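Okay, thanks for coming, everyone. I'll put a structure up on the screen and then walk you through a few parts of it.

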Amino acid sequence: MKKLVYVFGFISLFLISNGVLFKIMHWPSASIQLCTGVVILNFGYLPFYFYKKYKTQP
């Protein structure tokens, strides 16, 4: 579970940072990368992160 959270976080932040770089350089597929990164962040990383945080509370 912990590894899955890290993988989702890495993939989403990689896509978002690449999308920003592509947007600055006016290269194609920048919007697709940004949207995909934000979707993975919101629906992949954050739910697993908050679930893990909820389970580890005393």
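Before the helices, one bit of vocabulary: when I talk about a helix axis, I mean a line fitted to the C-alpha atoms over the stretch in contact, and the angle between two axes is taken between their N-to-C directions, on a scale from 0 to 180 degrees. Also, please keep in mind that what you're looking at is a predicted model.

So, the two helices. H1 covers residues 2-25 and H2 covers residues 30-56. Their axes come within 8 Å of each other, and they cross at roughly 155 degrees. Anything over 145 counts as roughly antiparallel, so that's what we call H1 relative to H2. And the handedness? The crossing of H1 and H2 is left-handed. If you sort the residues of the contact between H1 and H2 by type, you get 16 nonpolar ones, nine polar ones and three charged ones.

Let's pick one residue on each helix. On H1, have a look at Ser12. Is Ser12 buried or exposed? Its relative accessible area is 0%, so Ser12 is buried. What does Ser12 touch, once you skip the neighbours within four places in sequence? The contacts of Ser12 are Gly37, Ile40 and Leu41.

Over on H2, I'd point you to Phe48. Phe48 has a relative accessibility of 27%, so it goes down as partly exposed. Here's a nice pair to find on the screen: Phe48 and Val5 sit 43 residues apart in sequence, yet their C-alpha atoms are 6.1 Å apart in space. Val5 is also one of the residues that Phe48 touches; with residues up to four places away in sequence left out, the full set is Met1, Leu4, Val5 and Phe8.

Now for the loop between H1 and H2. Two residues there, His26 and Ser29, caught my eye for their backbone angles. His26 isn't a glycine, but its phi is positive, near 60 degrees. Ser29 isn't a glycine either, and its phi is positive too, about 70 degrees. How accessible are they? His26 is exposed, with a relative accessible area of 71%, while Ser29 counts as partly exposed at 35%.

Last topic: the aromatics. How many aromatic pairs are there? The count comes to five. One of them is Phe22 with Trp27, with ring centres 5.2 Å apart. The planes of those two rings are at 85 degrees, so Phe22 and Trp27 make an edge-to-face pair. As for accessibility, Phe22 is at 19%, and since buried means under 20%, Phe22 counts as buried. Trp27, at 43%, is partly exposed.

Another edge-to-face pair is Tyr49 with Phe50. For that one, it's 5.4 Å from centre to centre, and there are 65 degrees between the planes. Tyr49 is partly exposed, with a relative accessible area of 29%. And it doesn't stop at two rings: Tyr45, Tyr49 and Phe50 are linked into a cluster by ring pairs.

To wrap up, if you take one picture away from this predicted model, make it H1 and H2, roughly antiparallel with a left-handed crossing. That's me done, so over to you.

Terms used: Residues are numbered from 1 along each chain as its sequence is written. This is a predicted model: local features need pLDDT of at least 70, side-chain atom pairs count only at pLDDT 80 or more; totals for chains, interfaces and linings use all residues. Side-chain values use heavy atoms; hydrogens and water are left out. Helices (H or I, at least four residues) and strands (E, at least two) are DSSP runs, numbered from the N terminus. Angles under 35 degrees count as roughly parallel, over 145 as roughly antiparallel, 65 to 115 as roughly perpendicular and the rest as oblique. A crossing is left-handed if the near helix is turned anticlockwise from the far one by less than a right angle, and right-handed if clockwise. Ala, Val, Leu, Ile, Met, Phe, Trp, Tyr, Cys and Pro count as nonpolar, Asp, Glu, Lys and Arg as charged, and the others, Gly among them, as polar. Buried means under 20% relative accessible area, exposed over 50%, partly exposed in between (1.4 Å probe, protein chains only). Contact means heavy atoms within 4.5 Å. Rings of Phe, Tyr and Trp (its six-membered ring) pair if their centres lie within 6.5 Å; planes under 30 degrees apart count as stacked, over 60 as edge-to-face and the rest as tilted.
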